[in-house]
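Reader: I would like to go through the labels attached to this structure one at a time, and to hear for each of them what the label rests on.

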Amino acid sequence: MAAGDDRGGHDSYRSPLASRYASPEMCFVFSDRYKFRTWRQLWLWLAEAEQTLGLPITDEQIQEMRSNLDNIDFKMAAEQEKRLRHDVMAHVHTFAHCCPKAAGIVHLGATSCYVGDNTDLIILRNAFDLLLPKLARVVSRLADFAKERADLPTLGFTHFQPAQLTTVGKRCCLWIQDLCMDFQNLKRVRDDLRFRGVKGTTGTQASFLQLFEGDDQKVEQLDKMVTEKAGFKRAFIITGQTYTRKVDIEVLSVLASLGASVHKICTDIRLLANLKEMEEPFEKQQIGSSAMPYKRNPMRSERCCSLARHLMTLVMDPLQTASVQWFERTLDDSASRRIYLAEAFLTADTILNTLQNISEGLVVYPKVIERHIQQELPFMATENIIMAMVKAGGNRQVQRFLEEEVYPLLKPYENVMKVKAELYL
């Protein structure tokens with residue numbers, strides 16, 4: 001639907017990511033107001049640079065544009081888009097309406113992707129800037145938890161079967177290590193983002209060469225000046241009409257990887273909650289179940305797992321989009337990118353906010369952990385016993401050795417855990 005079409009309220013679908021889960025600051029970065037305000041900022045930066053490089057643009061026109069950056073008539077823009085069937089030109093006309101003196105130089109020499117793609121890159125950068133501190137806070141909270149529980153022994157599990165001892169803090173470090181890798185990957189992709197810049201309709205800058213009467217040095221200066229105004233250190237040297245859609249693959253790949261880490265962490269917490277060894281925060285008036293009031297369901301961890309699965313699947317969209325961009329570009333990227341770029345960041349934002357809440361209130365039950373250790377301790381001892389026997393000259397592969405040397409040591413526990421002993425041995 002055209003921009004500005006108001007479908008809010010209770011009578012129309014709204015994405016739960018925006019209405020229920022994601023933070024206001026992340027929702028704002030992907031809002032229409034932020035997007036179209038950034039379009040106007042890009043038109044202003046372009047006009048300022050073109051004026052500096054000698055095009056006949058007046059200070060009065062520049063000031064008029066600057067004064068109307070936030071004066072966006074969304075209703076007019078929606079009406080213009082319905083008439084023109086072109087979102088960028090709808091906003092060119094809407095901006096020109098409130099800047100009559102500058103109307104002739106708005107979008108001068110540019111193509112739609114000048115505002116569309118460059119705005120997307122600005123939004124991606126700013127969205128990463130919101131995620132990174134949140135991820136760092138989660139790591140910090142888990143690090144505090146790991147230090148506090150560094151010496152608390154607990155059963156390790158392989159194949160979700162009791163294995164050798166670890167500690168609660170050591171297990172938490174597994175989670176922290178994965179999240180640190182995610183932090184490095186998010187930071188790398190954020191810092192590697194390059195501006196599309198001022199490239200024209202097919203990436204040749206032909207329209208700007210014409211504006212500057214073939215002066216290619218001024219065209220290069222124009223590209224550099226706008227890139228710097230937007231706060232980017234580098235711009236793509238080569239583009240088609242768009243920046244390469246492989247950038248979107250890289251962005252969603254690291255977010256999907258973050259989703260995998262959060263899913264693993266929250267699955268561990270859910271399993272430990274079932275064992276009654278650890279649980280997420282449970283509010284004083286929180287209801288675990290409408291039918292079974294005694295239940296303490298790990299609903300925050302379950303929410304993280306649910307949304308993490310969604311986040312992991314989104315990477316398939318940019319993979320397919322990049323693969324079908326014919327030649328300099330095709331427009332079949334546009335509709336899907338409106339969805340998956342925003343959804344990926346809103347989803348990542350949600351799971352990090354929720355994981356921070358979980359990590360700040362994890363509850364551990366040492367007595368339950370101790371009881372589980374005591375139940376398995378005789379069987380964990382068999383590994384040490386076997387190694388001692390081998391050092392004494394025995395052969396651990398021989399059944400007779402087990403029958404004669406090991407089984408008798410377990411005899412006192414036969415009545416307590418006969419079934420487990422048989423399965424284990």
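Author: Let us begin with a definition: a salt bridge is a side-chain nitrogen of Lys or Arg within 4 Å of a carboxyl oxygen of Asp or Glu. The model to which we apply this cut-off is predicted, and its secondary structure comes to 17 helices and four strands.

Reader: What makes Arg171 a residue with no salt bridge?

Author: The nearest side chain of opposite charge, Glu277, is 4.6 Å away from Arg171, whereas a salt bridge has to lie within 4 Å, and therefore no salt bridge is assigned to this buried arginine. Arg171 lies in helix 8, which covers residues 168-192, and, apart from neighbours within four places in sequence, Arg171 is in contact with Thr154, Leu155, Gly156, Phe157, Thr166 and Leu272.

Reader: How do you know that Arg40 has no salt bridge either?

Author: For Arg40, in helix 3 (residues 32-52), the nearest side chain of opposite charge is Asp70 at 7.9 Å, and since a salt bridge must be within 4 Å, none is counted for Arg40, although the residue is buried. Leaving aside neighbours within four places in sequence, the contacts of Arg40 include Asn68, Leu69, Asp73 and Phe95.

Reader: Why is Ala146 called buried?

Author: The relative accessible area of Ala146 is 6%, and buried means under 20%, so the label follows for this residue of helix 7 (residues 112-148). Beyond four places in sequence, Ala146 is in contact with Gly169, Cys172, Cys173 and Ile176, and its C-alpha atom is separated by 7.1 Å from that of Val168, 22 residues apart along the chain. Across the protein, 47% of the 425 residues count as buried.

Reader: The structure holds nine aromatic pairs; why is the pair of Phe128 and Phe345 called edge-to-face?

Author: The planes of Phe128 and Phe345 stand at 85° to each other, with 5.1 Å centre to centre, and because rings pair within 6.5 Å and count as edge-to-face over 60 degrees, both conditions are met by this pair. Phe128 lies in helix 7 and Phe345 in helix 14, so the pair ties together parts that are 217 residues apart in sequence. Both Phe128 and Phe345 are buried.

Reader: And what makes the pair of Phe157 and Phe160 tilted?

Author: Their ring centres are 5.4 Å apart and their planes are at 50°, and since under 30 degrees would be stacked and over 60 edge-to-face, the angle falls in between and the pair is tilted. Phe157, with a relative accessible area of 27%, is partly exposed, and Phe160, at 42%, counts as partly exposed as well.

Reader: Why is Val324 called partly exposed, and what patch does Val324 form with Trp326 and Phe327?

Author: The relative accessible area of Val324 is 34%, and because buried means under 20% and exposed over 50%, Val324 belongs in between, as partly exposed. Val324, Trp326 and Phe327 form a nonpolar patch on the surface, with about 430 Å² of accessible area together. Val324 is found in the loop between helix 13 (316-323) and helix 14 (334-359). The protein exposes about 22,500 Å², of which carbon and sulfur atoms supply 53%.

Key:
Residues numbered from 1 in each chain as written. Predicted model: local features only at pLDDT ≥ 70, side-chain atom pairs only at ≥ 80, totals over all residues. Heavy atoms only, no water. Helix = DSSP H or I, 4+ residues; strand = E, 2+ residues; numbered from the N terminus. Buried < 20%, exposed > 50% of the residue type's maximum accessible area, 1.4 Å probe, protein only. Lys, Arg positive; Asp, Glu negative; His and termini not counted. Contact = heavy atoms within 4.5 Å. Patch = residues over 30% accessible without salt bridge, like charges linked within 9 Å, V, L, I, M, F, W, Y side chains within 5 Å. Areas by Shrake-Rupley, 256 points an atom, 1.4 Å probe, with all protein chains shown as cover. Phe/Tyr/Trp six-rings, centres within 6.5 Å; stacked < 30°, edge-to-face > 60°.
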